[in-house]
Amino acid sequence: MVDFQCKRPYDLGALVEIMRLLRQPEGCPWDQVQTHASIRRNFLEETYEALDALDRDDAVDLCEELGDVLLQVVFHAQIEAERGRFTMEDVVDGIAHKLVFRHPHVFGEKAADSTDQALNTWEKQKVVEKGQETVADTVEAVPHTLPALWRAEKECKRAAKGGFTWQDETVGLDRLEESVKALRQAAKNGHGDDWVRALGDVFFAGAKLAQNSDTDPEECLHRACDRFTRRFRAVESSAGKPLSDCTDQELNALWSAANP
């Protein structure tokens with residue numbers, strides 16, 4: 001039994017204390033042994049669940065899921081506090097300092113009369129804060145742990161801000177066609193390193209087209225997934241036999257007949 005006084009409502013300080021007690025020798029056996037690596041996936045899953053609630057505009061679920069995300073933040077901060085590297089108070093102080101520094105048009109003398117100006121100020125302050133001296137520095141700073149399509153789009157966007165883009169969209173389409181041709185050639189040689197590289201170039205060219213047209217590539221692919229699901233259901237229901245028993249020609253015919 002730990003020394004803790006239950007109370008409602010709890011505040012952030014109470015949450016931090018609860019997590020500290022859970023990690024104590026007399027606390028929870030499971031919480032005690034967790035590491036950054038062991039709960040890493042939990043952080044990602046809780047974030048996606050919060051986004052799902054957000055997309056559904058479900059206030060009750062969103063409130064709960066944001067709490068789960070906050071729990072992950074507190075959990076990782078407590079692990080670091082035990083290692084003596086930083087505390088939850090340092091996390092809060094750091095993000096508060098960042099918000100003030102990146103909003104000189106609110107907390108300083110600069111002016112921003114539109115959302116674009118405010119965003120440009122944010123980005124300029126970020127470059128200064130991170131000590132990034134070149135456009136390549138900003139591109140390299142895109143987290144490598146992002147989903148690959150999202151990472152590609154962000155890298156293209158940052159490169160475009162540095163002038164590496166095109167006004168004529170056909171240039172991007174030509175790049176995509178070149179990548180597809182390289183993919184066809186790689187297919188003739190088997191699915192080795194050339195295939196992996198060419199297929200990656202196709203995906204990246206698509207992400208660049210999305211960025212150049214101010215289109216969210218994740219949204220595009222999600223919509224394609226939705227269409228695939230509906231179309232596949234139609235294919236399966238009209239096949240009349242297991243799809244594994246169908247020839248390529250039969251599958252193509254069923255796919256063509258299905259309403260996308």
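**View 1. D52, R56, D58 and D61 are tied together in a network of salt bridges.** This is a predicted model, and the network is part of a bigger picture: the structure has 14 salt bridges. Side chains of opposite charge can pair when their charged atoms come close.

**View 2. E17 and R20 pair up within helix α1.** The closest N and O atoms of this salt bridge are 2.8 Å apart. Both residues sit in helix α1 (residues 12–22), 3 residues apart, or about one turn of the helix. E17 is partly exposed at 28% relative accessible area, and R20 is partly exposed too, at 31%.

**View 3. Helix α3 carries a salt bridge between R41 and E45.** Here the N to O distance is 2.7 Å. The two are about one helical turn apart because they sit 4 residues from each other in helix α3 (residues 40–55). R41 is exposed, with a relative accessible area of 62%, while E45 is partly exposed at 35%.

**View 4. K157 meets E153 in helix α9.** Their closest N and O atoms are 3.4 Å apart, and the pair is 4 residues apart in helix α9 (residues 148–161), about one turn of the helix. K157 is partly exposed at 37%, whereas E153 is buried at 10%.

**View 5. Q72 is tucked away in helix α4.** Q72 belongs to residues 59–83 of that helix and is buried, with just 5% relative accessible area. Leaving aside residues up to four places away in sequence, Q72 touches I39, N42, F43 and E46.

**View 6. D168, E169, D174 and E177 make a negative surface patch.** One of them, E177, lies in helix α10 (residues 169–188) and is partly exposed, at 48% relative accessibility.

How values were computed. Residues are numbered from 1 along each chain as its sequence is written. This is a predicted model: local features need pLDDT of at least 70, side-chain atom pairs count only at pLDDT 80 or more; totals for chains, interfaces and linings use all residues. Side-chain values use heavy atoms; hydrogens and water are left out. Patches are made of residues with over 30% relative accessible area and no salt bridge: like charges are joined within 9 Å, nonpolar side chains (Val, Leu, Ile, Met, Phe, Trp, Tyr) within 5 Å. Accessible areas come from the Shrake-Rupley method with a 1.4 Å probe; for residues, only the protein chains shown count as cover. A salt bridge is a side-chain nitrogen of Lys or Arg within 4 Å of a carboxyl oxygen of Asp or Glu. Lys and Arg count as positive and Asp and Glu as negative; His and the chain ends are not counted. The place of a charge is taken as NZ of Lys, CZ of Arg, CG of Asp or CD of Glu. Buried means under 20% relative accessible area, exposed over 50%, partly exposed in between (1.4 Å probe, protein chains only). Contact means heavy atoms within 4.5 Å.
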